[in-house]
Amino acid sequence: MNAATFISTDVIRASFSAAMSSMYRTEVPAYGTLLSLVAKVNAQTLAASPELRHRLEQTDTLDRISEERHGAIRVGTPAELAMLRRVFAVMGMYPVGYYDLSEAGVPVHSTAFRPVGDAALKINPFRVFTSLLRLDLIADAELREEARKTLQARQIFSPKAISLVEKAEAQGGLELDDAALFVKEILATFRWHDQASVSGDLYRRLHDAHRLIADVVSFKGPHINHLTPRTLDIDAVQDLMPAYGISPKAVIEGPPTRACPILLRQTSFKALEESVSFRNAQGEWETGSHTARFGEIEQRGVALTPKGRALYDRLLTESRKVVRPAPDGSNADAYIAALTDAFKAFPDDWDRIRKQGLGYFRYTPVPTFPQSGLSARDTCDIEALVALGAVRFDPIVYEDFLPVSAAGIFQSNLGDDDSQKFTASPSQREFETDLGTPVLDEFAHYEGLQKASIERCRQHFKPVALAS
Ligand code: OOG
Ligand code: NI
């Protein structure tokens with residue numbers, strides 16, 4: 001087998017992301033509307049801010065934005081999760097981070113499969129937030145057993161999909177025809193099924209335990225539940241959504257509006273009520289409904305260091321002590337005011353964020369800088385290089401998720417009446433055992449990117465300094 005004829009994992013991922021987007025546009029037309037709105041706002045934002053355009057061009061990240069999105073799926077068993085890990089690896093996507101959603105009243109824990117490393121991210125940063133249902137959080141033992149049996153009985157991957165994953169692993173890649181078939185077969189795993197695989201009665205009991213349990217257990221497969229394009233101005237999209245016939249949730253999750261965006265801001269529109277059918281005791285189909293699929297948009301900012309993240313978490317908690325956002329949006333203005341007020345304590349210019357060690361940055365040599373004037377000492381000191389104007393710095397984009405925001409998104413889709421509570425019970429160890437591998441530590445990853453960029457700057461100037 002000739003490795004040279006294998007299709008790159010980045011190309012398979014880009015092709016899968018495009019296929020997923022086109023499928024979801026057909027399944028949920030409002031997603032298509034959202035895509036056009038985001039494209040329009042992004043173009044306007046770039047036209048109005050040459051500085052932002054320049055930064056994106058300089059860092060070679062302008063092109064990826066129009067193609068950028070994340071999706072979310074929820075699976076029911078450790079075996080399904082472990083197989084997904086193998087599926088995503090064929091597309092160059094690896095599990096990063098652990099998210100415990102139980103503390104937010106959602107009986108799942110999660111990771112994000114995504115490309116790692118600069119080159120792969122630039123080509124296509126497609127990510128999939130992947131949750132595993134925690135049956136251990138269902139209190140009713142009988143119902144738990146029924147749910148377990150139902151999940152055990154299903155096979156969410158086609159035999160062809162499985163054999164292509166095995167082939168990719170054995171050969172070290174896939175050739176063109178196999179790669180195309182792989183995309184098609186895996187896409188089918190995530191499509192919507194309007195015929196439930198459980199009876200209406202079981203569906204209702206699962207639904208009463210938690211709406212999300214019904215969503216995971218009742219269907220043939222883990223339908224994609226949303227796809228999220230990336231916008232450069234989330235406030236503008238939020239304001240324009242109603243004019244496009246889409247009604248957004250009341251508040252944007254995450255940090256408030258800022259000159260220098262940090263982490264992640266997200267908003268969504270409510271899940272659709274969709275018609276589904278269930279088999280009754282006589283084996284006939286009965287019509288019912290299910291709400292699961294929704295739309296979301298996000299704006300990404302700088303990745304924060306542990307110190308920056310601790311400050312973010314503290315300020316968010318402080319603001320929520322003043323006002324907690326009500327699911328019906330009734331106190332949205334008061335919440336936004338409290339949030340904005342709390343975040344006055346977070347520096348809002350890139351240099352202070354950088355100097356105080358709150359965010360991660362990528363350093364690049366300024367090509368026009370005359371190298372001859374540098375002393376050996378300057379070239380070893382990144383601060384000196386920055387001060388001299390020999391090196392520029394750009395924020396490293398946050399590629400991951402935020403558990404509190406994820407919980408807000410989950411909640412807004414569960415409806416205002418869902419008050420089930422679980423005790424926080426993170427269990428990263430079990431999750432990683434089920435997954436079959438540890439998840440990557442996001443901080444270590446960003447730190448590595450920053451360090452490598454500093455090293456490249458040093459190398460760039462070093463030979464000249466030594467010669468002088
Ligand atoms: C996932 C919710 C989390 C995000 O953007 O934070 C998420 C889900 O609803 O399954 O996608
Ligand atoms: Ni999402």
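Buried here means under 20% relative accessible area, exposed means over 50%, and partly exposed is in between (1.4 Å probe, protein chains only). By that scale, leucine 272 is partly exposed, with a relative accessible area of 27%.

## Ground rules

What you're looking at is a predicted model, where local features need pLDDT of at least 70 and side-chain atom pairs count only at pLDDT 80 or more, while totals for chains, interfaces and linings use all residues. Residues are numbered from 1 along each chain as its sequence is written, chains are lettered from A and ligands numbered from 1 in the order in which they are written, and side-chain values use heavy atoms, with hydrogens and water left out.

## Ligand 1 and its shell

Start with ligand 1, which has 11 residues around it (a heavy atom within 4 Å counts as near). His70, Arg74, His226, Gln266 and Glu296 come nearest. Sorted by class, that shell has five nonpolar, four polar and two charged residues. For that tally, Ala, Val, Leu, Ile, Met, Phe, Trp, Tyr, Cys and Pro are nonpolar, Asp, Glu, Lys and Arg are charged, and the others, Gly among them, are polar.

Several polar side chains reach oxygen atoms of ligand 1. A polar contact is a pair of N or O atoms within 3.5 Å; within protein, one must be able to donate a hydrogen and the other to accept it, and residues adjacent in sequence count only if both atoms are side-chain atoms. Arginine 74 has a side-chain N or O atom 2.7 Å from a ligand 1 oxygen, glutamine 266 has one at 2.8 Å, and a polar side-chain atom of asparagine 225 sits 3.1 Å from a ligand 1 oxygen. On its own, ligand 1 exposes 320 Å², and the protein buries 100% of that (Shrake-Rupley areas, 1.4 Å probe). Two elements give two or more residues to the shell: strand E1 (69–75) and helix H18 (403–414). E1 makes the largest contribution, with three residues. These labels are DSSP runs numbered from the N terminus, with at least four residues for a helix (H or I) and at least two for a strand (E).

## The nickel ion

Which protein atoms are the donors of the nickel ion (ligand 2)? They are NE2 of His70, NE2 of His226 and OE of Glu296, lying 2.1 to 2.2 Å from the metal. Donors are N, O and S atoms within 2.8 Å (3.2 Å for Na, K and Ca), and water is not among the atoms, so sites may look incomplete.

Along the chain, the donor residues are spaced H-x155-H-x69-E. Histidine 70 in strand E1 and glutamate 296 in strand E10 (residues 295–300) link distant parts of the chain, being 226 residues apart. Both histidine 70 and glutamate 296 are buried.

## Some buried spots

Aspartate 394 belongs to strand E12 (residues 391–395) and has a relative accessible area of 2%, so it counts as buried. Its side chain has polar contacts with two arginine side chains: arginine 55 at 2.7 Å and arginine 392 at 2.6 Å.

Threonine 111, in strand E3 (residues 108–114), is buried because its relative accessibility is 0%. A polar atom of its side chain lies 2.6 Å from the backbone oxygen of glycine 97. Leucine 263 is the odd one to check by eye: it isn't a glycine, yet it has a positive phi of about 50°. You'll find leucine 263 in the loop between helix H12 (234–240) and strand E7 (264–269), and it is buried at 1%.

## Cysteines

How many disulfides does the structure hold? Zero, going by cysteine sulfur pairs within 2.5 Å. Cysteine 260 is buried at 6% relative accessible area, and cysteine 457 is buried at 0%.

## Less covered residues

Glutamate 175 sits in the loop between helix H8 (159–171) and helix H9 (176–189), partly exposed at 29%. Its side chain makes a 3.2 Å polar contact with the side chain of threonine 5, and the C-alpha atoms of the two are 5.9 Å apart despite 170 residues of separation along the chain.

Lysine 149, in helix H7 (residues 141–152), is exposed at 55%. Its C-alpha lies 9.7 Å from that of valine 217, 68 residues apart in sequence. As for leucine 272, it lies in the loop between E7 and strand E8 (273–279), with its C-alpha 16 Å from that of methionine 241, 31 residues apart along the chain.
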